[in-house]
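These exercises go with the structure shown below. Each one sets a task and then works through the solution step by step.

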Amino acid sequence: MFINRFLSPARFRYSLMVFLLSWLSIASAVESGKKPIDIAAGFLSISLTQLASQADISIVVNTDLVKNKSAKAIKGLYTPENALATLLSGHNLKAENTGTGFVIKAVANDEVVLNAIDINAKVVRKSLQTEKYAGGQVAKQGRVGILGNRDVMDTPFNMTNFTSDYIDDIQAETLADVVATDPSIRTAHVSGGMLDSFRIRGFTMNEGNLGDIAFDGVYGVASNYRVLADYVDRVEVIKGPASMIYGISPNSSVGGSINIVPKRALDEDLTRLTASYASDSQLKGHLDLSRRFGDDEQFGVRFNGTVSDGDTERENQSREVESWALALDYQGEKLRVTADLIHQKEDLDAPLRHLWLASGVDVPSAPDGEHNITQDWEWSKVDDKSLLVKAEYDIHDQLTFFADIGGGRTRVSRLFGYPSITSASGDVTVTPSNADFNVDRYTVSTGLRGWFDTGMINHNMTLQLTEYRDQLEKATINASSSYLNNLYSPTDQAEIIVANPQHAPRVSESRLRGIALADTLSILDDRVQLTLGVRRQQVESDSFNASTGAVTTHYNESALTPMVGIVFKPWENVSLYANRSEGLSKGDIAPDSSANAGEVFEPYKTKQYEVGAKVDFGEFTSTVSLFQIEKPSYQTVNNISSVSGEQRNRGIEMNVFGQLTSDIRVLGGFMLLDAELNKTNNPATKGNTPVGVAERQANISAEWDMPMVPELIWTANLIYTGEQYVNQTNTQKIPSWTRLDLGARYGLLVAGKDVTIRAGIHNVFDRDYWSGVDTWSGMAYGAPRTFTVSTTIDF
């Protein structure tokens, strides 16, 4: 195969050498002493805040001097002096270099010296919102678990941080919409279903009843099955096993981790109202409110509320959503506290399900995306509530104490079936079931983070203790009869009455405890950084007999998961990195289709080896990574599932984002993946490609500012996914697919208010396609052509 030839040792080394030398020759031409600056037009006070962070300088200013003044946008490579001169132009202000920073003065009043005791003066503080790369779609910093907030260029991992600007501009409804433009991520679940699951670097996450999405760096708080995008400020993706960084994930994040950062109070007041429409007749309203209070604006409040209702693009289906998120923060001199409260409720009529092939049936052609065999009397209701409180206290300048406590509660009721395709002509048999799920999660952690030097070596060390618990209660009643339907000509079927479960007994519990120590050692002004870390993780899990409550499976195991990462920056805008990390994951659960359904397997370790490079060219940034991940895998033999194999994924990934020209922005990349079942107990599957893993994936998203109408921006998004096998014997597969999405947005002033109108067309050519395959060989098909329109007003 192509990827095997490409990744052969000789070709691989040659290609990598050419690639890196090309990058480094371009990067070395970037002018020294200048830094990439990307600041949008706006209030001068905000622009100075952003410049202080982007240029890593200190700026002191009397707030009266910059009050109600505006600054024009600047983008490109600037020295701090040139950037300040540009921002201050036209305001009769100048910046004086003090040697340790800059002081802003009035040109006509040079004798006035701003000093530290002037009550009207303040140091321009860093905003809670991180700075962005050129183009505004990707943030420069992200949370890296135990390592704290890190600049992308200082992180020894492949990391992408999608911003709220990007989330708004693509009119994202859910987390799945946001990460769809990452070439190493694909949604494994069916669009129009009750949950979102993903594949990262070929490995699944978030497929079970315990969510794998981290919230502000903590597991157990994010909504369990699906995360809505309206209250999300940033989506951070780190590739590879991350047990040392985040701790063990509740349901196994092997290929990578996804962390959502909630919206927090802005430096300037915001009242934003958005009204949206999506086909077929989905109407939505969203309120985003931000305020800061106190003499030093140390108290912050951010509220996001959403209501939507109506018919979706799928036949028979309607969707009703209610959500609100309240984010509070206190930013004191030594104490910092945040609190997040979230309620999310989603009701679906006729939710879509994966489709499974009956024995001996070949993969049929994909149905029309509008078709839905699920009946309008089938439904799902998911209600999530969660809370997280975090605090940091500076014991002194070089030592910070931190702690957090939180959790989530999910209640699910649903009535639907598991469709089985019984013929190549699309005949389907469905047996409905009525089920209740109760999922409770609790999390607490505490630790110390310190900064110190040993000779010429700088240390950033963190000690952390964590504990996570979850409990799953589940009751299911299966119907005594089935209904028949067809993928290509679905019809209404008579309702099948299924009794409601009266009680949901406890079926499983988990307790995950850990202690971790990490240290980043840096020299030569952080040009060389070595990160060493180890986490001792204890995994205790029980499964219970639903009828008697007796323990049926128990394990209590512990393991060390080390990590080593190195960053070398030969130039300020170039970062070469490598890591070797391990992950520890809870054991999988045997699927319902197995004779040993519900059996909990023992925890397993995964390993990753990765090398890569990141180059910030000023206006755009590019990354390249080569990786190998090894993971124990389950297999089913004679209808018995067990973890007796190993899956090895090896690949190359490239990403680009930023301002390609003055009026064109790009975001995208590609991944080439060689995935193999290299250890099995079945000769028919050894050496085969794992289920649901594509060899090639690529994305390119572009925005074009129309020169003759500067406020009008056209957008396009192209996604390609290679073919995927449906079974482990590799005798059945779904074909490759390509999808094009188009859109536009227009900004204008109405009665002095900023108004943005956005429109999009998803799946422009209305292509019918199988979009993915889950771990258990369930197939999902893509959504049809869908139209979206929204109007946002800032009051």
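**Exercise 1.** List the residues that line the second largest cavity, and find which strands supply at least two of them.

Solution. The model is a predicted one.
Step 1: The lining consists of Y231, P262, K263, R302, N304, A325, L326, A327, D340, L341 and I342.
Step 2: At least two lining residues each come from β20 (299-311), β21 (318-331) and β22 (335-349).
Step 3: R302 and N304 fall within the range of β20, while A325, L326 and A327 fall within that of β21. D340, L341 and I342 belong to the range of β22.
Step 4: By class, the lining holds seven nonpolar residues, one polar residue and three charged residues.
Step 5: The volume of this second largest cavity is about 60 Å³.

**Exercise 2.** Work out where the largest cavity lies with respect to the domains, and why.

Solution.
Step 1: The protein is divided into domain 1 (35-106), domain 2 (141-262) and domain 3 (270-794).
Step 2: Nine cavities of 30 Å³ or more are counted, and the largest has a volume of about 70 Å³. Its lining has 13 residues, of which R186, R199, G692, Q697 and Q724 are the closest to the centre.
Step 3: R186 and R199 have numbers inside domain 2, whereas G692, Q697 and Q724 have numbers inside domain 3.
Step 4: Because both domain 2 and domain 3 give residues to the lining, the largest cavity lies between them.
Step 5: Two strands, β12 (185-187) and β45 (770-773), each supply at least two residues of this lining. The largest share, three residues, is that of β45.
Step 6: The lining divides into three nonpolar, eight polar and two charged residues.

**Exercise 3.** Describe the two faces of strand β39 and its pairing with β38 and β40.

Solution.
Step 1: On β39 (residues 696-705), the covered face carries Q697, N699, S701, E703 and D705. The uncovered face carries R696, A698, I700, A702 and W704.
Step 2: Strand β38 (residues 664-679) runs antiparallel to β39, and nine bridges join the two. In this pairing L672 of β38 is opposite R696, a residue of the uncovered face.
Step 3: β39 also pairs with β40 (residues 712-721), again in the antiparallel sense, over nine bridges. Here E703, from the covered face, is opposite T715 in β40.
Step 4: A hairpin of six residues leads from β39 to β40.
Step 5: Q697 of the covered face is also one of the residues closest to the centre of the largest cavity.

**Exercise 4.** Give the strand order of the open sheet that contains β27, and name its edge strands.

Solution.
Step 1: The sheet has four strands in the order β23-β26-β27-β30, with mixed pairing.
Step 2: β23 (356-357) and β30 (483-486) pair on one side only, so they are the edge strands.
Step 3: β27 (residues 427-430) and β30 are antiparallel and share four bridges. One pair of bridge partners is V428 and N485 of β30.

**Exercise 5.** Decide whether the radius of gyration agrees with that of a compact globule or departs from it.

Solution.
Step 1: For 795 residues, a compact globule would have a radius of gyration near 28 Å.
Step 2: The protein has 27 Å, which agrees.
Step 3: Along its principal axes the C-alpha trace spans about 90 × 60 × 50 Å, and 54% of the residues count as buried.

Definitions and conventions. Residues numbered from 1 in each chain as written. Predicted model: local features only at pLDDT ≥ 70, side-chain atom pairs only at ≥ 80, totals over all residues. Heavy atoms only, no water. Domains from an automatic or database assignment. 1 Å grid on protein atoms, 1.4 Å probe; cavity = no way out; pocket = protein on both sides within 12 Å on 5 of 7 lines; lining within 4 Å. Points joined across faces, edges and corners; volume = space filled by probe spheres on them. Nonpolar A, V, L, I, M, F, W, Y, C, P; charged D, E, K, R; others polar. Buried < 20%, exposed > 50% of the residue type's maximum accessible area, 1.4 Å probe, protein only. Rg over C-alpha atoms; globule rule 2.2 N^0.38 Å.
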